[in-house]
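Trainee: I'm new to this one and keep tripping over the labels people put on things. Could we go through some of them together?
Mentor: Sure, let's pull it up and talk about what earns each label.

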Amino acid sequence: MVAQLIVNGIVYSSIIVLASIGLSLVYSIGNFANFAHGDTMAVGAFVALASAPLVQAIVPGVTIAGFPLWFFGALLVGMAAAAVVAVVTEYVVYRPLDSSAIGLLITSIGVALAYRALLLMQFGPGQQSYPVSRGGRIPWVESALGVSVTARDVVIVFSSIVLVASLHAMLQYTTLGRKMRAMADNAELARVSGIRTGEVIIAMWVIGAALAGAGGVFLGLDTIIRPRMGFELLLLIFAAVILGGIGSVYGAMLGGFAIGMAHELTPAIPFIGTEYNAAVAFLVMIAILLVRPNGILGGDAT
Amino acid sequence: MSDDSSGFRQDPVGALRAWWTDAERADRLVYTAIAAVVVLLTVGVAIGSIGIRYVAGLLVLVAMYSLLTTGLNVQWGYAGLINFSVIAFWGIGAYTAMLVSSANSPLELGWHPAAAIPLAIVAGTVVAVFIGIPTLRLREDYLAIASLGLAEVVRLILLNERQWTAGSQGISGIPVPLSWLPFGTRTAVLLIGAVLLLAVYLFVRRIHRSPWGRVQRTVRADEDLAEALGKDSYRLKMQAFVIGSVVMTLSGVLYVFYAQFLGPADLLPLETFYVWVALILGGTGSDKGALLGGAVIVLIREGTRFLSGTAAFDLLQTGLEVVGILTHINTASLRLFAVGVLIVLVIRYRPEGLLPPREELIWPDAKRRAEVSGDRSAHGDAPGAVAEPVPETGSDDEGEEK
């Protein structure tokens, strides 16, 4: 049973990791706690859903190991939409605002509510899901390891690995990545060194929101799609970012993995029901704040 | 709200005129708007198009939300603490009252509702200290994040611990104190609300102007400076956080007397953000602004309800349906959108709010002495009149370091 929980944990962690990276990027480069991050995920999930019929018509009906190819097209549309929405928000809301980190934090709450309100107006409050057939467990995995793994789980985990690996490569080996790390380290110094910080901030929104959008699509694939989905996940994402150390992208990945696992392993803890798995993440967060407020990788450069 | 009560007795018209000319332009606009709403309501009741019971209910809600904004003002306005679990503290107060006094409570205690108030204060204090210990030593955003979690956890506990809280079913019915008075239950609740609000308002105004309040403003403006001067900023933040949270729990107690029903669904996270909008719009750090904020929330709620019944809204709905976008528009989503956009707009265009704190932070005595010395234009700068410089809390947001 624990093996099955670990499998669920890995799937759920992938989603949290994708979401935490974007939040951590905005925290370190944009310098504020972005409470609209969860709702950016929901935007990605809903746009992917809305684009599904169109993408299905364009992409040939090929399936890879029982999973339709068009879904990846919809995933890209969702990621792009989340990125566009975030960049537009940056230009319309955040950039003209001459305020402190706290002013930005409170503004981001307003942005979050506005995103969610628009999703509610467009799609209604109900639950929806992607038109991908549920598919069964993969038989040979079940017979070999005794755990049930579906094609969806494999898609979520492997796509996440690809996305995280590309982010790592981008951060470490490209000029843009170096600029982003420089700015996360010291924005003033980066500006003085001739880095166009405005452009780096746009890149930060594109990357962070696209990853959030992907996280939203995978969350929708793993569970269901509804306007509140992102906001409900926000606490877990923040817990992950704090656990990893605010501002450290690699810390956020680690924290995301740990929080995702803790969330799914809650049933293994005696006396605590699954209805409290959000509470467990909260208690983990409180414990970290008491013991090591800088997080696991806090203080290190990204 | 004028402090020159002796002058008022001697020459009421003159004092009023002086007060009016002293008031800033924005303040005058707000006072005019309040007067207009009061006149509209009075006329409405007089000609019978608005029920007096409805007006009394609105006023109770104004008192309830004003308590919430006042509590948040002590935390965010005085001390700069970001609390996103306003509704959780409200819920703790409301549930405490319901659980100990309601006949339908699963605990079956049946205590007098007056016992609920000290219990709610204790419960609010315990929870505030619990969340304050790990977060108040750290940067502001940690409290913001942890309190968002606290709100969710409180809601989960209330929802799932059925044997104690009745779960999603909720609890109904609570005896109202003073309901033996000859003018009905609703009015009794209104009376309790008014007394509670007045007491809390006088209390927070008193502490706000005291040395304690001044140190709070110093901590908010420059924590390192306060520490260097030997002030224990953690302790001060904890005090502000607990006081604010206790005020919020009192608001919850008032609510159950009014609503006579309580369930976990009442603890919507959106309510917390209503209170935030109201406080920022009313004027962060201003006690008067916090009172105004309470009225603003009721205005938003009733306004959106009224709006969704109008022909214009129907037309909008039909139009959107023809175009095929935003077809699920309704009161709930419209409210959410309005609150979100309001937050963004207020922070951008009027971060100090409608009634920013100015003169209300100065001791009346100091003001009078400054006036006697003939220096009316510069109350705060008169040497000897005000012992410490009064930082303009309204503009702290710009002054803080990134």
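**What earns the label**

Mentor: Let's start with a pair in chain A: the side chains of Arg95(A) and Glu90(A) meet in a salt bridge, at 3.2 Å from N to O. Keep in mind that this is a predicted model.

Trainee: Why is the pair Arg95(A) and Glu90(A) called a salt bridge?
Mentor: The cut-off is 4 Å between a side-chain nitrogen of Lys or Arg and a carboxyl oxygen of Asp or Glu. Arg95(A) and Glu90(A) come in at 3.2 Å, so the pair counts. In general, side chains of opposite charge can pair when their charged atoms come close.

Trainee: Is Glu90(A) buried or exposed, and how do you know?
Mentor: Buried means under 20% relative accessible area, and Glu90(A) has 5%, so buried is the word. Its partner Arg95(A) has 36%. That value lies between the 20% and 50% cut-offs, so Arg95(A) counts as partly exposed.

Trainee: What makes Glu232(A) and Arg228(A) a salt bridge?
Mentor: Their closest N and O atoms are 2.9 Å apart, which is within 4 Å, so the rule is met. Glu232(A) is partly exposed at 34%, and Arg228(A) is partly exposed too, at 25%.

Trainee: And what about Glu352(B) and Arg350(B), what makes them a salt bridge?
Mentor: Their side chains meet at 3.4 Å, N to O, so they also pass the 4 Å test. Glu352(B) is at 24% relative accessibility and Arg350(B) at 27%, so each counts as partly exposed.

Trainee: Which residues are joined into one network?
Mentor: Arg226(A), Arg228(A) and Glu232(A), through salt bridges that share partners. Over all chains the count comes to nine salt bridges.

Trainee: How many of them run between chain B and chain A?
Mentor: Zero. The two chains do touch, though: 49 residues of chain B are in contact with 45 residues of chain A. Together they bury about 4200 Å², 78% of it on carbon and sulfur atoms. Tyr142(B), Ile145(B) and Leu336(B) supply 15% of the area that chain B buries there, more than any other three residues.

Trainee: What makes the span of H6(B) close to the expected one?
Mentor: H6(B) has 20 residues, and the expected span is 28 Å at 1.5 Å a residue. From first C-alpha to last, H6(B) reaches 28 Å, so the two values agree closely. Among its buried residues are Ala120(B), Gly124(B) and Ile131(B).

How values were computed. Residues numbered from 1 in each chain as written. Chains lettered and ligands numbered in written order. Predicted model: local features only at pLDDT ≥ 70, side-chain atom pairs only at ≥ 80, totals over all residues. Heavy atoms only, no water. Contact = heavy atoms within 4.5 Å. Buried area = accessible area lost by both parts, 1.4 Å probe. Helix = DSSP H or I, 4+ residues; strand = E, 2+ residues; numbered from the N terminus. Buried < 20%, exposed > 50% of the residue type's maximum accessible area, 1.4 Å probe, protein only.
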